[in-house]
Number of protein chains: 2
Amino acid sequence: MALIDQPQDQQGAFSLPPGRALEICRQLEMAILEHRILPGMKLNEDEVGETFGASRTVARSALQALAHSGLVTIERNRGAFVSRPSIREAHDVFEARALIEPRIARMAARAMSDDDLTMLRAHIENEHSAVHSGNKGQALSLSGAFHLAIAEVANQQVLTQIMRPLISRSSLIIALYWRRPDTTCESHSHEALMKAFAARDPFAAEEVMKSHIVDLHSGLDLVERPAAEPTLAAVFSGDPGSKT
Amino acid sequence: MALIDQPQDQQGAFSLPPGRALEICRQLEMAILEHRILPGMKLNEDEVGETFGASRTVARSALQALAHSGLVTIERNRGAFVSRPSIREAHDVFEARALIEPRIARMAARAMSDDDLTMLRAHIENEHSAVHSGNKGQALSLSGAFHLAIAEVANQQVLTQIMRPLISRSSLIIALYWRRPDTTCESHSHEALMKAFAARDPFAAEEVMKSHIVDLHSGLDLVERPAAEPTLAAVFSGDPGSKT
DNA sequence: AAGCTCAGGATCGTATACAATCCTTGTGCA
DNA sequence: TGCACAAGGATTGTATACGATCCTGAGCTT
């Protein structure tokens with residue numbers, strides 16, 4: 001089912017929550033990134049703990065970690081909610097990405113090895129199959145993973161760490177403000193990126209990435225949205241730890 | 001007693017630890033930024049809690065928050081230590097700053113109001129008096145605060161949030177790798193920045209900031225350093241909340 | 001009927017207690 | 001003397017318990 005990616009702990013880990021909390025973090029993050037949990041939803045500490053068979057202490061730690069990456073907003077004495085990025089924040093996030101990611105793409109194109117290329121191609125394959133299977137949430141999540149994979153090729157750990165929450169928040173923004181339900185343009189842009197990478201053309205990669213980010217930004221319909229608040233328990237029905 | 005500073009929560013707060021932990025965070029952060037606690041030092045949970053008159057739960061939460069901003073590194077079953085940025089990381093951090101901060105400076109120069117200008121001038125005054133009083137740690141900390149103040153003028157919350165840990169980590173890097181104990185060049189660069197801001201010249205501000213960051217980067221002597229490990233108790237001897 | 005008050009429940013913040021892990025150190029043996 | 005190993009202490013990971021705060025809704029007053 002979800003043999004998507006191994007733990008892969010030691011990659012960019014400098015502030016990972018301890019033990020069990022990490023697993024809860026990953027599960028919740030994936031659920032949010034795949035839009036199985038929507039912005040605005042309440043994340044009750046007891047409920048989270050019980051859902052994953054852990055104590056409230058651990059659940060709380062996981063929620064705080066998610067808050068630090070911006071996926072969750074904690075209000076004192078009120079609890080944790082999936083963040084609902086404001087329109088203003090949506091603009092800021094994509095402006096930040098428009099600044100950072102083209103540079104990352106340039107560095108990646110310089111450092112790109114043959115193995116890296118095949119790895120990125122595999123990412124794109126995954127995206128395609130997700131799109132074909134109709135799982136839009138997973139497709140979007142994998143699209144974010146593609147951007148992160150590029151950052152890791154660029155081998156700039158600090159910028160990679162910076163990009164991670166930006167991409168996560170982009171997922172929230174798209175959940176709230178995306179204009180049409182198609183993500184085909186994504187696929188196309190990623191193909192264009194691959195071409196630049198394959199040619200080891202840093203400037204082309206930089207330019208393609210820049211226009212890709214701008215496209216995403218302009219694909220948003222930035223008007224106020226009401227909050228949707230589904231229930232939690234159904235999302236993790238039965239498989240809190242199903243993933244060898 | 002503790003009319004130190006009002007909460008002031010809502011500024012850049014989207015993941016602040018709750019209640020008491022926030023105060024501990026602030027105190028520890030300041031101590032680290034002012035080099036009263038040096039990289040590599042162990043931060044025992046019991047000790048931190050007792051030092052600030054709080055339970056281990058709160059101390060732990062504060063340490064985890066600091067870990068998320070990169071000031072502290074937590075190793076499983078071993079505890080929290082003040083981070084010791086590697087040489088590699090030092091390069092990465094300053095490359096990231098060289099990418100982000102010139103853009104910030106440009107935006108700040110555009111958005112600069114007269115009030116902003118006087119506010120920044122006050123920052124520089126503080127720096128000067130700290131330098132003259134011989135308190136190098138505080139001077140360095142204020143220098144970082146100046147950069148953050150610029151970011152807030154630029155009114156780009158996301159990039160500001162990104163800059164915060166970068167500047168904090170820069171402080172650690174300087175503690176470990178700074179070549180000479182003088183920071184006068186800092187002051188000079190900041191004056192040059194002010195001139196560009198006063199003239200509302202975005203491009204000048206961008207260029208000055210860029211060379212400022214590059215100067216900082218090249219002022220580092222990036223060779224391996226041994227870890228210094230002083231004791232904690234002395235640092236906070238009796239004044240957990242003394243700070244006008 | 002509308003609005004206010006206040007009790008009850010629910011949820012979070014914090015403290016404490018127990019379990020698991022790691023590090024130290026002292027001892028026994030080669 | 002040097003090393004292997006085990007017992008003890010120290011420290012972190014996790015669970016539970018208690019207090020504080022907030023939200024809800026019933027009942028009373030106007």
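How many helices and strands make up the secondary structure of chain A? In this predicted model, the count for chain A comes to nine helices and three strands. Following the chain along its sequence gives the pattern α-β-α-α-β-β-α-α-α-α-α-α. Chain A has 244 residues, and 48% of them count as buried. The contacts inside chain A can also be sorted by how far apart the partners sit in the sequence. Among contacts with a separation of 6 or more, 77% join residues that are 24 or more positions apart.

Two serines give a closer view of buried positions, one in each protein chain. Ser189(A) belongs to helix α8 of chain A, which covers residues 184-198. Is Ser189(A) buried or exposed? Its relative accessibility is 11%, and the cut-off for buried is under 20%, so Ser189(A) counts as buried. Leaving aside residues up to four places away in sequence, Ser189(A) touches Val208(A) and His212(A). In chain B, Ser168(B) is part of helix α7, which spans residues 157-177. Ser168(B) has a relative accessible area of 4% and is therefore buried as well. Which residues does Ser168(B) touch, not counting those up to four places away in sequence? They are Glu29(B), Leu33(B) and Leu71(B).

The next topic is the contact between the two protein chains. Chain A contributes 32 residues to this contact, and chain B also contributes 32 residues. Together the two chains bury about 2,800 Å², with 56% of that area on carbon and sulfur atoms. What links chain A and chain B in terms of polar contact, and how many residue pairs are counted? Seven residue pairs are in polar contact, with both residues at pLDDT 80 or more. The rule for salt bridges, in turn, finds zero of them across this interface. On the side of chain A that touches chain B, at least two residues come from each of α3, β2 (72-75), α4 (87-111) and α7 (157-177). Of the elements on this side of chain A, α4(A) gives the most, with 10 residues. Sorted by class, the side of chain A that touches chain B holds 14 nonpolar, 10 polar and eight charged residues.

The model also contains DNA, and strand C can be taken before strand D. DNA strand C is surrounded by 19 residues, and the closest are Arg56(A), Arg60(A), Arg20(B), Ser55(B) and Thr57(B). Both protein chains therefore appear in this list of names. Of the atoms of DNA strand C within 4 Å of the protein, 69% belong to sugar or phosphate, and the rest belong to bases. Some individual atom pairs can be picked out here. An N or O atom in the side chain of Asn44(A) is 3.5 Å from a sugar or linking oxygen of DNA strand C. For Asn77(A), a polar backbone atom is 3.5 Å from a sugar or linking oxygen of DNA strand C. In chain B, an N or O atom in the side chain of Asn77(B) is 3.4 Å from a sugar or linking oxygen of this strand. The surface near DNA strand C draws at least two residues each from α3 of chain A and α3 of chain B. Which element gives the most to this surface near DNA strand C? The answer is α3(B), with three residues. By class, the surface near DNA strand C has three nonpolar, seven polar and nine charged residues.

DNA strand D can be described in a similar way. There are 18 residues around DNA strand D, and those that come nearest are Arg20(A), Ser55(A), Thr57(A), Arg56(B) and Arg60(B). Sugar or phosphate accounts for 65% of the atoms of DNA strand D within 4 Å of the protein, with bases making up the rest. Ser55(A) places a backbone N or O atom 2.9 Å from a phosphate oxygen of DNA strand D. Thr57(A) has a polar side-chain atom 2.9 Å from a base nitrogen of DNA strand D. In Arg78(A), an N or O atom of the side chain is 3.5 Å from a phosphate oxygen of this strand. Two elements give two or more residues to the surface near DNA strand D, namely α3 (56-68) of chain A and α3 (56-68) of chain B. The largest share, three residues, comes from α3(A). Sorted by class, the surface near DNA strand D has three nonpolar, six polar and nine charged residues.

Conventions
Residues numbered from 1 in each chain as written. Chains lettered and ligands numbered in written order. Predicted model: local features only at pLDDT ≥ 70, side-chain atom pairs only at ≥ 80, totals over all residues. Heavy atoms only, no water. Helix = DSSP H or I, 4+ residues; strand = E, 2+ residues; numbered from the N terminus. Buried < 20%, exposed > 50% of the residue type's maximum accessible area, 1.4 Å probe, protein only. Contact = heavy atoms within 4.5 Å. Polar contact = N/O pair within 3.5 Å; in protein donor to acceptor, adjacent residues only side chain to side chain. Nonpolar A, V, L, I, M, F, W, Y, C, P; charged D, E, K, R; others polar. Buried area = accessible area lost by both parts, 1.4 Å probe. Salt bridge = Lys/Arg side-chain N within 4 Å of Asp/Glu carboxyl O.
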